[in-house]
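Thank you for making time for this. I would like to take you through one model, beginning with a sheet and ending with its charged pairs.

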Amino acid sequence: MAALISRFSPHESGAPPILIDSLTVRFNGTLALDNLELEIPPGARVAVVGPNGAGKTTLLKVIAGVLSPSEGKVSIFGAGPHGHVCIAYVPQRSQVDWTFPVTVQEVVMMGRIRKLGAFRWPHRSDWEIVSHALEQVAMLDYRDHPIGELSGGQQQRVFLAQALAQEAEIVLLDEPLSGLDLPSQEAILKLLEGLRPLGITVLIATHDLKLAAERFDLVMLLNRRLLAFGKPKQALSQEALLAAYGGHLHVVVDESGPILLTDTCCDGDEEEKHG
């Protein structure tokens, strides 16, 4: 379901949750990310947007420690990303094996195992934490259900429960709302907003520019390079969007204001293209 992390990395006092320094990633010689430089403040809600193949999935995987940079580095609370139990990474649903025979509560317990270490059995207190996390996302009644039998929205709730059980300080979600109906999307967004009082930093890769503009503190606009980063109105300026999307960007105006549309596909990312 998600990579098991068994080595712990320390946190440096006063260090930002995420610091990206001259980050470059190549796949078989093809540039996926080009010299990114930015700092994510504590507790921020960040939408990572850009066209298909822009580097969104690659960036989240490098932050999570799943991929290594070709050049530059990512620091998590002052140390490299590998070995941090504070990071919860939820991949795109298409990248998860939903036939894997595991129950909802077992998926959530995977978060506790990261906290405990790979060779320690969970105690009663850990199962209580798992139950509490499932209760927080309204999934406790499904604890014995196979994860593959749930709806897409329910599966995303379970992964958020895993992050809560893990006591994650950084949550990375790759297209978590893709394929969900509007009520399920709203439920997930409400759960993410509930993480704010805990000071948890959240990064979401999304193709939905309107959602990014309306529901996030900060927007990171990528197209292999960092084209803009800041408040939505600043980051989603017409100039920045044209630089990111070029001729694929269209603007439609209705009673609610401008809606930005793109012609780009919404599935996959550069790793699938370039190895």
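**A sheet and its salt bridges**

Before anything else, please keep in mind that what you see is a predicted model. Let me begin, a little out of order, with one acidic residue to which I will return: D217 is partly exposed, with a relative accessible area of 22%, where the cut-off for calling a residue buried is under 20%.

Now to the sheet. It is an open sheet of three strands, in the order β2-β1-β4, and the pairing is antiparallel. The strands at its edges are β2, which covers 30–40, and β4, which covers 71–75, and each of these pairs on one side only. From one strand to the next, the twist averages 20°. If you look at β1, residues 18–27, you will find that four bridges join this strand to β4, the two running antiparallel; within that pairing, T24 has E71 in β4 as its bridge partner. Helix α1, made up of residues 56–64, lies across β1, β2 and β4, and runs at about 120° to β1.

That brings me to the charged side chains. In general, side chains of opposite charge can pair when their charged atoms come close. The structure holds eight salt bridges, and I will discuss some of them here.

Which residue does E71 meet in a salt bridge? The partner is R26, with a distance of 2.9 Å from N to O. Because E71 lies in strand β4 and R26 in strand β1, this pair ties together parts that are 45 residues apart in sequence. E71 is partly exposed, at a relative accessible area of 39%, and R26 is likewise partly exposed, with a value of 39%.

A second group centres, for my purposes, on R196. The side chain of R196 meets that of E193 in a salt bridge of 2.6 Å, N to O, and R196 also forms a salt bridge with D217, where the closest N and O atoms are 3.1 Å apart. This latter pair links distant parts of the chain, since R196 sits in the loop between α5 (182–193) and β7 (201–205), while D217 sits in the loop between α6 (209–215) and β8 (218–223), 21 residues apart. As for accessibility, E193 is partly exposed, with a relative accessible area of 39%, and R196 is partly exposed as well, at 30%.

Finally, I would point you to R112, D126 and E167, which are linked in a network of salt bridges.

Definitions and conventions. Residues numbered from 1 in each chain as written. Predicted model: local features only at pLDDT ≥ 70, side-chain atom pairs only at ≥ 80, totals over all residues. Heavy atoms only, no water. Pairing = 2+ DSSP bridges. Axes fitted to C-alpha atoms, helices over the stretch in contact; angles between N-to-C directions. Contact = heavy atoms within 4.5 Å. Salt bridge = Lys/Arg side-chain N within 4 Å of Asp/Glu carboxyl O. Buried < 20%, exposed > 50% of the residue type's maximum accessible area, 1.4 Å probe, protein only.
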